[in-house]
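Me: I want to go through a two-chain model piece by piece. Keep the replies short and show the reasoning.

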Amino acid sequence: MKKKLLSLVLAGAMASSLFAGCGDNKGSAGGGTQSAGGGAEPVDVGADNLEESREITVWLYKDDYKIYDSYDENPVVQYLNGKFNCTLKFQQPAMGSEKEQFSLMLGTGSYTDVMEISNCQEGVASLYEDGVIKDLAPYLENYMPNFYAFLNAPENGDVKKALYDGDGHLFTIPFQVRLQDENRWGGMVYRRDILETMTGGNVAFPSGNGEPTTVEDWDYVLETMKTYFDAAGLADYACLIIPAQGYFETGELLTGFGVAGNFYVQDGTVKYGPVEQGFYNYLVKMKEWYEKGYIYQDFASRTNDVFYLPNTALTYGGSAGIWFGMGGQLDGAMSMPEYGLEVNVQALASPLDTASTSALLAQTGLENERVAMNTQGYVVADTCSEENMIRFMSVADYLFTDEGAMLRSYGLTAEQGAADNSYYAAAGLSGGAYTMEGETFTYAEPLVPNVGALCIDGSNMSYIGNRLPGLLNNEYDLAYATESVSRASAVWKGTGRDNNYPSSIAFSAEDNDKIASNYSNYSDYLNTMVPKFIMGTEALTEESFAAFAEQMKSLGVSESLELYQSYYDAFMSE
Amino acid sequence: MIEKVGPSRVIFNILNYGFMIFFSFICIVPIWHVVMASVSDPRLLMSHAGIVWKPLGDITAEGYRLVLQNKSIWMGYGNTLIYVIWNAVVGSLLTVIAGYLVSRKDFRLKNPLMIFILFTMMFSGGLIPSYQVIRALGLINNRWVMMIPGLLNAFYITMMKSGFEQLSDSYEESAKLDGAGPMTIMFRILAPLVKANIVVIVMFIAVMQWNAWYPASIYLPAARDYWPLQLFLREMLIQNDTAAVVMGSDAAAAADFTSNLVKYCAVVVATAPILCIYPFIQKYFVTGVTLGGVKG
């Protein structure tokens, strides 16, 4: 009897531990009333009294700042603290623990006043429904007039659309809204020097173009590379490296076959690449290349490689022909002259499958878009006092002005007290991070991109405020980009992103869960089957692919497609 | 008399030694690989596949220079030493006391107390309740969070209890006849007899504390000055993993190969001290857990 009782008590204890940590839900929160059809009635909670000093706690993930440990010490933050009579006190978890720490903060209810949410695994709508964050929409007009004006400017409709939800809520002060698209940082690259060597400098692609553009061009390139590597007697080499899952989710190669690696839009219809006919055409070609020995034979086992740094032993060892590369690898950057390795790496567009399509799909999963997302930026905790909230809004609002955007993006000027900042002074930036003479922007010498001492040691980002909310003025930085990077970026961007599924569409918490659940159901099957089709361990025919596509749809692709379509339609009709 | 060694013994010895050599080799190879990689040419290291048997290219100490010039490393070393010494000394002292207490046959609360202790070994409240308790105690971002909550370990108490229980009652009885009190019996009579157990527990605590980074990452988010070495090193490893991403995101940036080297150097720096201490205490491990009090 005693034993039974003990067992019962222990079982009870175990069961009760399941509920441990369940906090109280304060229910729906947020200030202001929503007007019908979106937008919000402005709320006035009194003027921000700048005479009164405020301490505002901010949760932010950590970077390698090189010159200081905490963002509290960031020169731009210190300047803003002085300007707005406040102390932005950053709480930053150890690198690698961000998601866990954010979840812990949500679980324990001990929120900071303001939280950067890119490590939050829940959507902002769900945070709002749980009473964790405030709806900022009613406060914008009175307390963030510059941001409000920015959002309502006709040319910024895309940003506004991305940040407001269908009910007129706005939860996120965006992390960085770019004034212009960035250069793209990576894409497919190839060893041009191999072709030059093998043809004696007379490279002639079947398409007649100066660069490989069609599948036939790639056939020629890969065959030439294989001949080269075979002749070199290399034990291990790869003419083409593809990811372990057999395709690039970001769309490389696939767009040449008219499909994307994920959800995309074509003529108003949302599609999922891996179940489309173009994907079959892609698989047929990859299988052919695999059988010919063009694709790295052990590609499916390289599950630990990140797609942008595949098999570095081969790429950096001079034994790879085509792979997903980065801007820093272009031209002769990967050469090792002391070991007799001279390479010339150039950007490469997806191979156009002329037999099935006439143009690359205008889709890319990588581009640093101008459009803001409500999943990246700062939210205000429901527990934050109104005084702290409006002070933070004042600070953030300033960073949406031209002057604030320059401060945030390029750092302190002499007029803003660069000489008084110890980090600036120590780095030889007493005259400011840059100077403007009329319309001419000039970086201070230590910060000149690629050649300045602070850029070389990687500390340049520590002098600006790029982790704060606000506008990112990248106009002058783009002018400093090297010619080869700009050229490569143009190749990688391809034909644009008209077919991209809008990244700013926000799903409700419930639908988000459905989509995530579907993804976990079908992704395992997809990532198992694709390598098998390519390696020939699974028969690849029209019929077997149709069966595969049907199975994918039944595993959740169909339901997700319906959800994507309905949200897309609603988004477009707004 | 010379013992004659039969063929079966010879075969056994060959297999035995062969297996042990093979096993040792497997244990040593990863350490060797890391040490050799840490002094290799970083660019060649990037393009090398498989185990590094000897330094690649010219031997370089650049990685060590980068690791050791990081002031956080020294601060982390200092903190780790504090935590290791405190937990090893105070923790093992408390473990001895607890083990002695629950091993006494005449202690009436022995069984309930043991159930209470074992309960904590089997059931945990979970991270969030633990965090809430720690927060309520005012220990978040406080150095003592690394020094108080983990002082006692239920498993070590049961180990200590077993050690004391294996001693003959006659030790305690004779000490009592000589007029010794409980403290004298525990510290001067019985504890020296379970010295091996205590050394093993001290070693376990020291190694565990040396490697601990998780509690600090949870409870000291805004108190970097109190972080142990391992948390700094972990951050350094992650930084240098993500350096590749940063390198990628800045399309114009040249590749920084030293970040690859730093990972290996950080592992060596973190492991070397504990590896140096281990051989000196190793002899206690063999007898530590099973030693009894009465011989022959």
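The turns below go from whole chains down to single elements and residues.

Me: What kind of model is this, and how many helices and strands does chain A have?
Reply: This is a predicted model. Chain A mixes both kinds of element, with 19 helices and 15 strands.

Me: How does the radius of gyration of chain A sit against the globule rule?
Reply: The rule gives 25 Å for 574 residues. The C-alpha trace spans about 80 × 75 × 60 Å along the principal axes. Chain A is as compact as a globular protein of that length, because its radius of gyration is close to the rule's value, at 27 Å.

Me: What share of the contacts in chain A with a separation of 6 or more joins residues 24 or more positions apart?
Reply: Burial first: 44% of the 574 residues of chain A count as buried. As for contacts with a separation of 6 or more, the share from residues 24 or more positions apart is 76%.

Me: What pattern does chain B follow along the sequence, and what percentage of its residues is buried?
Reply: Chain B has 13 helices and zero strands. Its pattern therefore reads as helix after helix, α-α-α-α-α-α-α-α-α-α-α-α-α. Residues 24 or more positions apart supply 72% of its contacts with a separation of 6 or more. Of its 296 residues, the buried share is 33%.

Me: Which helix gives the most to the largest nonpolar core?
Reply: That core has 133 residues. Leu240(A), Ile241(A), Ile295(A) and Ile201(B) have the most contacts inside it. The top contributor, with nine residues, is a helix of chain B spanning residues 195–211, namely α10.

Me: What does Ile201(B) touch, leaving aside its neighbours within four places in sequence?
Reply: Ile201(B) is among the residues with the most contacts inside the largest core. Its partners beyond those neighbours are Ser92(B), Thr95(B), Tyr156(B), Met159(B) and Met160(B).

Me: How many residues are in the second, separate core?
Reply: Its members include Leu88(A), Ala381(A), Tyr410(A) and Ala444(A). The count for this second core is 78 residues.

Me: Which helix supplies the largest share of the side of chain B that touches chain A?
Reply: The contact involves 33 residues of chain B and 39 residues of chain A. On the chain B side, α2 (42–46), α6 (127–136), α11 (214–219) and α12 (229–249) each supply at least two residues. The largest share is nine residues, and it comes from α12(B).

Me: Why do the buried residues of α9(A) line one face of the helix?
Reply: The buried set is Val215(A), Asp217(A), Trp218(A), Val221(A), Leu222(A), Met225(A) and Phe229(A). They line one face because, seen down the helix axis, they fall within an arc of 140°.

Me: What end-to-end distance does α9(A) have, and what is expected?
Reply: Helix α9 of chain A runs over residues 215–232, 18 residues in total. At 1.5 Å a residue, the span should be 26 Å. The model agrees, since the end C-alpha atoms are apart by 25 Å.

Me: Which residues are exposed on the other side of α9(A), and what covers the buried ones?
Reply: The cover over the buried residues includes β6 (186–191), α8 (192–199), β7 (238–240), α10 (277–291) and β10 (320–326) of chain A. Just after the helix, Gly233(A) takes a positive phi of about 70°. The exposed residues on the other side are Asp230(A) and Ala231(A).

Me: Which strands are at the edges of the open five-strand sheet in chain A?
Reply: The order is β2-β1-β3-β12-β4, with mixed pairing. Within it, β3 (114–116) and β12 (377–380) run antiparallel, joined by three bridges. Glu116(A) stands opposite Tyr378(A) there. The strands that pair on one side only are β2 (86–91) and β4 (173–174).

Me: Which turn residue of the β8(A)–β9(A) hairpin has a positive phi?
Reply: The two strands, residues 263–266 and 269–272, pair antiparallel over four bridges. Phe263(A) has Tyr272(A) as its bridge partner. Two residues lie between the strands, and the one with a positive phi, about 50°, is Asp267(A).

Me: Is Tyr567(A) buried or exposed?
Reply: Tyr567(A) lies in helix α19 (residues 542–573) of chain A. Beyond its sequence neighbours within four places, it is in contact with Ile505(A) and Phe507(A). The cut-off is 20 C-beta neighbours within 10 Å. Tyr567(A) has 20 inside 10 Å, so it counts as buried.

Methods. Residues are numbered from 1 along each chain as its sequence is written. Chains are lettered from A and ligands numbered from 1 in the order in which they are written. This is a predicted model: local features need pLDDT of at least 70, side-chain atom pairs count only at pLDDT 80 or more; totals for chains, interfaces and linings use all residues. The expected span of a helix is 1.5 Å times one less than its number of residues. A residue is buried if 20 or more other C-beta atoms lie within 10 Å of its own, exposed if 12 or fewer, and partly exposed in between; C-beta atoms are placed from the backbone. The arc is that of the directions from the helix axis to the C-beta atoms. Two residues are in contact if their C-beta atoms, placed from the backbone, lie within 7 Å. The radius of gyration is taken over C-alpha atoms; the globule rule is 2.2 Å times the number of residues to the power 0.38. A nonpolar core is a set of buried Ala, Val, Leu, Ile, Met, Phe, Trp, Tyr and Cys residues joined through C-beta atoms within 7 Å. Two strands pair if DSSP finds at least two bridges between them.
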